[in-house]
Amino acid sequence: MFTENPICLVCVKSQTCLAKYVFSAKDRLHGVKSGLDAGTKFNIAPGAVKQNLVNHTKIITMSLEQQTDILIIGAGLAGLSAASDISSKNTQLNITIVDKGRGLGGRLAGRRIKDATFDHGAQFMTTRDTKFAAQVRQWIDEGVAEEWYSSFPGQSNSHARYRGKPTMTGIAKQLARGLNIKLSTTVTSVYASNNGWVTELYGGDKIFSRGLIITSPVPQTLALLASGNISLSLNNQERLQRIKYESCIAVMATLDQPSKISAPGALALSDGPIAWISDNQQKGVSKVPAVTIHASGDYSAEHFNDDRTFIGQQLVHLALPHLGAAVTDFQVHGWRYSKPITVDNSPCIMACESTDLPPLILAGDAFAGPRVEGAVLSGWAAAEAMLEHFSLNS
Ligand SMILES: Cc1cc2nc3c(=O)[nH]c(=O)nc-3n(C[C@H](O)[C@H](O)[C@H](O)COP(=O)(O)OP(=O)(O)OC[C@H]3O[C@@H](n4cnc5c(N)ncnc54)[C@H](O)[C@@H]3O)c2cc1C
């Protein structure tokens with residue numbers, strides 16, 4: 001709870017308003033000068049708004065009641081892993097996750113076209129770290145992951161590739177169990193206030209938190225930090241500026257018959273506009289023939305802003321010789337920040353270090369490795385750093 005300078009957000013009467021909500025005068029509701037104004041803003045009938053303390057409390061509770069110990073921006077694997085780890089180690093801390101997407105998982109993404117189902121973001125996960133390998137074994141036991149393959153034509157005996165069940169988002173859904181997550185909630189800015197963080201959402205609501213973890217791709221994180229004039233140390237600014245991503249255009253195509261792609265249904269191409277084709281039917285994701293085509297980084301960068309239907313047609317045309325089936329329908333998705341091509345060398349950044357900022361941690365696959373495993377390891381590192389901060393300062 002914030003306790004410094006308690007002040008009512010609506011009437012700004014720190015001495016007399018019993019509501020005494022914990023915001024400084026600069027956080028006062030924009031354009032709200034009275035309980036009636038607040039009633040209009042929050043669609044409360046004028047008759048119900050009497051300018052007394054009870055109503056102020058009610059209005060605040062309806063609109064800006066949102067307070068949490070730790071706010072996490074991003075319900076991808078980094079954000080979900082951070083939240084799940086913190087909540088398993090400290091049940092006293094209240095954690096909220098917000099994500100602008102309609103579904104969980106961020107770049108672990110699934111889509112349907114009629115009866116066809118696609119993994120159109122991350123295709124599989126690999127394990128290098130022993131703790132992450134144990135986590136994948138747990139997901140297998142829980143029925144949300146299985147080994148997809150460990151070799152395919154032209155590449156035998158390589159390390160195991162695991163897939164999520166029934167799709168890659170199955171992992172995200174498992175991690176999200178029991179967590180407080182607000183989807184379709186876009187953060188527009190963040191700024192420091194009263195030893196904590198104010199996170200502004202599209203639509204005007206705000207969430208106050210004592211600690212903040214941001215897991216969006218780094219260019220989006222930098223834009224959020226700039227929106228709140230948050231100055232990081234020069235060293236951290238330089239580290240973040242160095243991180244670069246490649247983009248990826250993904251085509252999801254339904255087929256008139258099973259593809260001729262050999263088992264296990266994965267085709268990695270080293271030359272040309274197409275980098276990857278996976279057969280979602282062979283993979284066990286789709287009941288009907290359906291493939292995901294990923295364009296190469298170079299092709300995606302060159303054509304990212306081109307007409308998506310045209311690009312889809314071009315990629316489908318180039319994929320046809322590998323498919324041995326006709327494409328009956330397709331959709332295109334552009335991943336602007338698909339995978340980091342330069343990463344930081346620590347698993348997360350404690351961005352408040354060497355500043356007077358409240359606890360702020362930046363995490364995601366740009367820190368612990370450009371893949372699913374890296375995102376989870378980074379989330380765990382962020383959880384550890386945040387828990388350490390809270391234990392030192394409680
Ligand atoms: C096409 C593609 C193929 C891939 N293939 C593989 C693969 O085969 N194997 C592998 O290991 N990895 C693969 N990856 C990489 C892997 O998906 C990522 O490394 C991992 O999912 C990143 O997780 P994250 O939590 O760091 O970020 P994300 O999953 O991107 O999560 C960040 C979240 O932040 C949210 N967000 C951003 N801005 C805001 C805002 N302003 N307000 C609210 N929410 C916001 C986003 O909606 C998103 O959900 C692939 C990625 C892509 C795109």
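**Exercise 1. State where Pro264 is found and describe the peptide bond that precedes it.**

Solution. Pro264 is found in the loop between E11 and E12, where helices (H or I, at least four residues) and strands (E, at least two) are DSSP runs numbered from the N terminus. The next step is the backbone geometry: the bond that joins Ala263 and Pro264 is a cis peptide bond, with omega at about 10 degrees. The model is a predicted one, in which local features need pLDDT of at least 70 and side-chain atom pairs count only at pLDDT 80 or more, while totals for chains, interfaces and linings use all residues. Residues are numbered from 1 along each chain as its sequence is written. A further cis peptide bond joins Lys165 and Pro166, with omega at about -5 degrees, and Pro166 lies in the loop between strand E6 (161-164) and helix H5 (169-175). As a general background, most peptide bonds are trans.

**Exercise 2. Give the strand order of the open sheet of five strands, and explain why one side of E12 and of E15 is left without a neighbour.**

Solution. The order of this open sheet is E12-E13-E14-E11-E15, and the pairing is antiparallel; two strands pair if DSSP finds at least two bridges between them. Strand E12 (266-268) and E15 stand at the edges with a single partner strand each, so one side of each has no neighbour in the sheet. From one strand to the next the twist averages 15 degrees, where axes are lines fitted to C-alpha atoms, for helices over the stretch in contact, and angles run from 0 to 180 degrees between N-to-C directions. At the E12 edge, three bridges join E12 to strand E13 (residues 274-279) in the antiparallel sense, and Ala266 stands opposite Ser278 in E13.

**Exercise 3. Trace the pairing from E8 through E9 and E10 to E1 and E2, naming bridge partners on the way.**

Solution. Begin with strand E8 (residues 187-193) and strand E9 (residues 196-201), which pair in the antiparallel sense over six bridges; the bridge partner of Ser193 in E9 is Gly196. The hairpin of E8 and E9 has two residues between the strands, and Asn194 there takes a positive phi near 50 degrees. Asn195, in the loop between E8 and E9, also has a positive phi, near 60 degrees.

Continue to strand E10 (residues 206-214), which pairs with E9 in the antiparallel sense over four bridges, with Phe208 in E10 as the bridge partner of Val198. This second hairpin has four residues between E9 and E10, and Gly203 in its turn has a positive phi of about 105 degrees.

The direction then changes to parallel: six bridges join E10 to E1 in the parallel sense, and Ile70 stands opposite Gly211 in E10. Finally, four bridges join E1 to strand E2 (residues 95-98), again running parallel, and the bridge partner of Leu71 in E2 is Thr96. Strand E1 (residues 67-73) is mostly covered, since five of its seven residues are buried; a residue is buried if 20 or more other C-beta atoms lie within 10 Å of its own, exposed if 12 or fewer, and partly exposed in between, with C-beta atoms placed from the backbone.

**Exercise 4. Work out which residues of helix H6 are buried, which are exposed, and how the buried ones are arranged.**

Solution. In helix H6 (residues 218-227), the residues Val218, Thr221, Leu224 and Leu225 are buried. Seen down the axis of H6, these buried residues fall within an arc of 115 degrees, so they line one face of the helix; the arc is that of the directions from the helix axis to the C-beta atoms. Ala223 and Ala226, on the other side of H6, are exposed. In the loop between H6 and helix H7 (234-242) lies Asn229, whose phi is positive, near 50 degrees, and which counts as exposed because it has 9 C-beta neighbours inside 10 Å.

**Exercise 5. Describe the shell around the ligand and explain why the ligand lies between two domains.**

Solution. First count the shell: 38 residues surround the ligand, and the closest are Gly74, Gly76, Gly106, Ser216 and Arg371, a residue being near if its C-beta atom, placed from the backbone, lies within 6 Å of the molecule. Next, helix H3 (77-89), strand E11 (244-255), strand E15 (327-342) and helix H12 (372-393) each supply at least two residues of this shell. Last, domain 2 (68-102 + 183-242 + 343-393) and domain 3 (110-174 + 244-341) both contribute residues, so the ligand lies between them; the domain bounds come from an automatic or database domain assignment.
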